[in-house]
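Welcome! Here is a short tour of one protein model, going from a single residue to the whole fold and back to a few selected positions.

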Amino acid sequence: MDTFLRLFGISTDDNRIDQATGLTEKQKKLVKNTWAVIRKDEVGSGVAVMTAFFKKYPEYQRYFTVFKDTPLNELPNNKKFQAHCASVITALSNVIDSLHDPGLMEASLIALAERHKNRGQRKEEFQNLKEVILEVLCQALGKQFTPDVAEAWRKTLDAAFEKIYQVFAS
């Protein structure tokens, strides 16, 4: 029966839950497929995330000495801002790319969290960033952001950010 179902692109393994991430194989595919849309324009996608983040939480811009005094409406054209925005998308890409290797994902997230913790950032800021990422994904994906996609992304970000939160708890 499994062979027959696979001929039609249906796998019984799609509903198997990865204990390390809490995601099913189907959810991993949904995240990877929708991320491909976002990844096409890393700078633009990063600018969308970080601009939304600073609009919602303007006090966080002070952490970025190279553009802390730049008006919000000028940030999208600021090359240093764009560089940071691209790095945010790269970090998220690393999470998505390592969904199949939770150990690798954990190691890179811990390193990221330690760098940010050493700069004085807190867990609260990452919690707020996670919310903004979901909001921007919803806007960017439009009709593709179905309830199943939303749930897959929520689980993915929960798993990833939980690793970040562990660093801030220590």
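## Starting point: Thr34

In which helix is Thr34 found? This is a predicted model, and in it Thr34 sits in helix H2, which covers residues 25-39. With a relative accessible area of 6%, Thr34 is buried, because the cut-off for that class is under 20%.

What surrounds Thr34, once neighbours within four places in sequence are left aside? The contacts are Leu141, Val149 and Trp153. With Trp153 there is also a polar contact: the two side chains, of Thr34 and Trp153, are joined at 2.8 Å.

## The overall fold

Let's step back to the whole chain. The protein has seven helices and zero strands, so read from the N terminus its elements run α-α-α-α-α-α-α. Of its 170 residues, 41% count as buried. Contacts between residues 24 or more positions apart make up 69% of those with a separation of 6 or more.

How does the radius of gyration fit the chain length? A compact globule of 170 residues would have a value near 15 Å, and the 17 Å of the protein agrees with that. Along the principal axes, the C-alpha trace spans about 60 × 35 × 20 Å.

## Surface and charge

The accessible surface of the protein is about 9,500 Å². Carbon and sulfur atoms hold 54% of that area.

For anyone thinking about electrostatics, how many positive and negative side chains are there? The protein carries 24 positive and 22 negative side chains. The centres of these two sets lie 2 Å apart.

## The loop between H1 and H2

Two threonines can be looked at together here. Thr21 lies in the loop that runs between helix H1 (2-7) and H2, and Thr24 is found in the loop between H1 and H2 as well. Is Thr21 buried or exposed? Thr21 counts as buried, since its relative accessibility is 6%. Thr24 also counts as buried, at 11% relative accessibility.

Their contact lists are worth reading side by side, again without neighbours within four places in sequence. Thr21 is in contact with Lys28, Leu99, Pro102, Met105, Lys155 and Ala159. For Thr24, the contacts are Asp14, Asn15, Arg16 and Ile17. The side chain of Thr21 also has a polar atom 3.2 Å from the backbone nitrogen of Leu23. As for distances, Thr21 and Tyr57 are 36 residues apart in sequence, and their C-alpha atoms are 29 Å apart in space.

## Partly exposed charged residues

Now for three charged side chains. Lys29 lies in helix H2, and at 43% relative accessibility it counts as partly exposed. How far apart are the C-alpha atoms of Lys29 and Ile96? They are separated by 9.9 Å, although the two positions lie 67 residues apart along the chain as a sequence offset.

Lys163 has its place in helix H7, residues 147-169. Its relative accessibility is 21%, so Lys163 counts as partly exposed; the buried class requires a value under 20%. Not counting residues up to four places away in sequence, Lys163 touches Glu106, Leu109 and Ile110. The C-alpha atoms of Lys163 and Ser108 are separated by 9.7 Å, with the two residues 55 apart along the chain.

Glu135 belongs to helix H6, residues 123-141. At 36% relative accessibility, Glu135 is partly exposed. Its C-alpha atom and that of Arg115 are separated by 25 Å, and these two residues are 20 apart along the chain.

## Pulling it together

To recap, the model has seven helices and zero strands, and its radius of gyration of 17 Å agrees with the value for a compact globule. Thr34 in helix H2 is buried and shares a polar contact with Trp153. Thr21, in the loop between H1 and H2, is buried, whereas Lys29, Lys163 and Glu135 count as partly exposed.

Key
Residues are numbered from 1 along each chain as its sequence is written. This is a predicted model: local features need pLDDT of at least 70, side-chain atom pairs count only at pLDDT 80 or more; totals for chains, interfaces and linings use all residues. Side-chain values use heavy atoms; hydrogens and water are left out. Helices (H or I, at least four residues) and strands (E, at least two) are DSSP runs, numbered from the N terminus. The radius of gyration is taken over C-alpha atoms; the globule rule is 2.2 Å times the number of residues to the power 0.38. Buried means under 20% relative accessible area, exposed over 50%, partly exposed in between (1.4 Å probe, protein chains only). Contact means heavy atoms within 4.5 Å. Accessible areas come from the Shrake-Rupley method with a 1.4 Å probe; for residues, only the protein chains shown count as cover. Lys and Arg count as positive and Asp and Glu as negative; His and the chain ends are not counted. The place of a charge is taken as NZ of Lys, CZ of Arg, CG of Asp or CD of Glu. A polar contact is a pair of N or O atoms within 3.5 Å; within protein, one must be able to donate a hydrogen and the other to accept it, and residues adjacent in sequence count only if both atoms are side-chain atoms.
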